[in-house]
Number of protein chains: 2
Amino acid sequence: MINITPIGDIARRPARERIVETAMRLFYRDGLRATGIDRLIAESGVAKMSFYRHFPSKSDLVCAFLEERHRRWFVWFDAAVAQEATDGGHLVAVASALEAWFGDAEFRGCAFINATNEVADPASRERQIAAAHKRDLEQRLIALAAADGCADPAVIGRLALIVVEGAIVRAQMTGNVQPASDARHVLAMLVSASRHGPTVAPSSRTPRTSKGRIAARGDHQPQGD
Amino acid sequence: MINITPIGDIARRPARERIVETAMRLFYRDGLRATGIDRLIAESGVAKMSFYRHFPSKSDLVCAFLEERHRRWFVWFDAAVAQEATDGGHLVAVASALEAWFGDAEFRGCAFINATNEVADPASRERQIAAAHKRDLEQRLIALAAADGCADPAVIGRLALIVVEGAIVRAQMTGNVQPASDARHVLAMLVSASRHGPTVAPSSRTPRTSKGRIAARGDHQPQGD
DNA sequence: GTTGACGTAGACAGACTTGTCTATCCAGTG
DNA sequence: CACTGGATAGACAAGTCTGTCTACGTCAAC
């Protein structure tokens, strides 16, 4: 994610900032559980008591990390999408942003998906922050779908979120950027279908039973480019 | 994933089996790191030395778990998809399978995505097993796309994999099954576009490898028809 | 009946975990 | 000057982790 990281000279900054900055790096790179307090302390050049003065428990630092990551990630995301967006393509601009992200040497997947995997309790603060992050992302995607003139931006945004999540996971597992261009293609198709066809999706829930078919339904297509 | 679990009366079975069965449950439910050797041993009612006789290290058990999970998951997947598939809809049948999976009370996401998040080293055996699992899944999806008459099953299969991964992650994070029907919708769109349009435009960045034809490739596809 | 494979029970080592606590240092303020 | 807030270094507690080891039990084949 490029400039999500350092900035000034890290040393000689208030202890709390140094701790958070180290957490941004280690928690994302190595994972939550794999990063121990001792290493966090050693690498941020801080005393243990300074750490516990600012963060009563490791979980508090994890939450601070997630919140800060949330903030920075969207600063980057909004800028990247705005830069890539064109009149005709707002949602597909997301794919271009993803491509840059996946290509970053530090890329290790989505910190919030990863956190969800590492923290068992769904009611935990960590999981709630992760869920909130994805809700915000969905809102972004819905807005982009609306800007693209989609008939049902709420549905398209929700579908787009699935595509984005899938691309992130694929990029993480394979180490390739290709999932980004794959995502671009699917997103373009979503937008195109929603612009041409009437309603593209079950606006809410599909009551279809396990044997229900969705087969035909050939009303949406060209998808052109 | 329903019948992926026990079967006979667990106690009174060879120690190795009891260990693996416990691992299937705990590793998936609680995660790799969060599940300690001691708990594994206690819950499978086995002595520590019996454990280390069969699995020289925890990592060996993790790999055994992943391989067994791989096996059982595809037994379930192939059966579920075969049951749901119709002449006109092979790929969308995957969504119905996912729906059943997501609705399972034990659902905790994809064990292989989760393992990838927990094991840092991309060269580790664990990561390789996870990558192989996804390659196999992609082959399945390609075959289903071919059965649906897609013009370019290799591309559609690859895109479908992104959709499936995204749906899994969304279901895991939200605890809902809706991502399954969302995925059904996107998959139907993929198939429809590929059937009508010529080629589904492998985005500008894809260097157009000419290894198209996949259908003939010898995959292991039990999918009837 | 002895042998050997396989199992159990549980102590132990050594590293690493989060978190507490003492003791010291130093910069700024009154 | 003394005081104080915030930082430091590092010992320590109590628990967990993986992995080793000894000692004993059981059963089947030879």
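**A buried helix, a shared core and a DNA-facing surface**

Let me begin with helix H6 of chain A, whose buried residues are covered by elements that include helix H1 (15-30), helix H4 (58-84), helix H7 (125-147) and helix H8 (153-174) of chain A, together with helix H6 (111-118) and H8 of chain B. I should say at once that what we are looking at is a predicted model. Eight of the eight residues of this helix, which spans residues 111-118 of chain A, are buried, so it is largely enclosed by the rest of the structure. The buried residues of H6(A) include A:Phe112, A:Ile113 and A:Ala115, and A:Asn114, A:Asn117 and A:Glu118 are also among them.

Now to the nonpolar core. In soluble globular proteins, nonpolar side chains tend to be buried together. Here the largest nonpolar core has 126 residues, and A:Leu187 and B:Leu187 are the ones with the most contacts inside it. Helix H8 of chain B, residues 153-174, gives the most to this core, namely 14 residues. If we leave aside residues up to four places away in sequence, A:Leu187 touches A:Leu91, A:Val92, A:Val94 and A:Ala95, as well as A:Ala160 and A:Val163.

Finally, the DNA. Around DNA strand D there are 17 residues, of which A:Ala47, A:Ser50, B:Gly36, B:Ile37 and B:Lys58 come nearest. The elements giving two or more residues to this surface are helix H3 (48-54) of chain A, along with helix H2 (37-44) and helix H3 (48-54) of chain B. H3(A) supplies the largest share, with four residues. Sorted by class, the surface near DNA strand D has eight nonpolar, four polar and five charged residues.

Key:
Residues are numbered from 1 along each chain as its sequence is written. Chains are lettered from A and ligands numbered from 1 in the order in which they are written. This is a predicted model: local features need pLDDT of at least 70, side-chain atom pairs count only at pLDDT 80 or more; totals for chains, interfaces and linings use all residues. A nonpolar core is a set of buried Ala, Val, Leu, Ile, Met, Phe, Trp, Tyr and Cys residues joined through C-beta atoms within 7 Å. A residue is buried if 20 or more other C-beta atoms lie within 10 Å of its own, exposed if 12 or fewer, and partly exposed in between; C-beta atoms are placed from the backbone. Two residues are in contact if their C-beta atoms, placed from the backbone, lie within 7 Å. A residue is near a molecule or strand if its C-beta atom, placed from the backbone, lies within 6 Å of it. Ala, Val, Leu, Ile, Met, Phe, Trp, Tyr, Cys and Pro count as nonpolar, Asp, Glu, Lys and Arg as charged, and the others, Gly among them, as polar.
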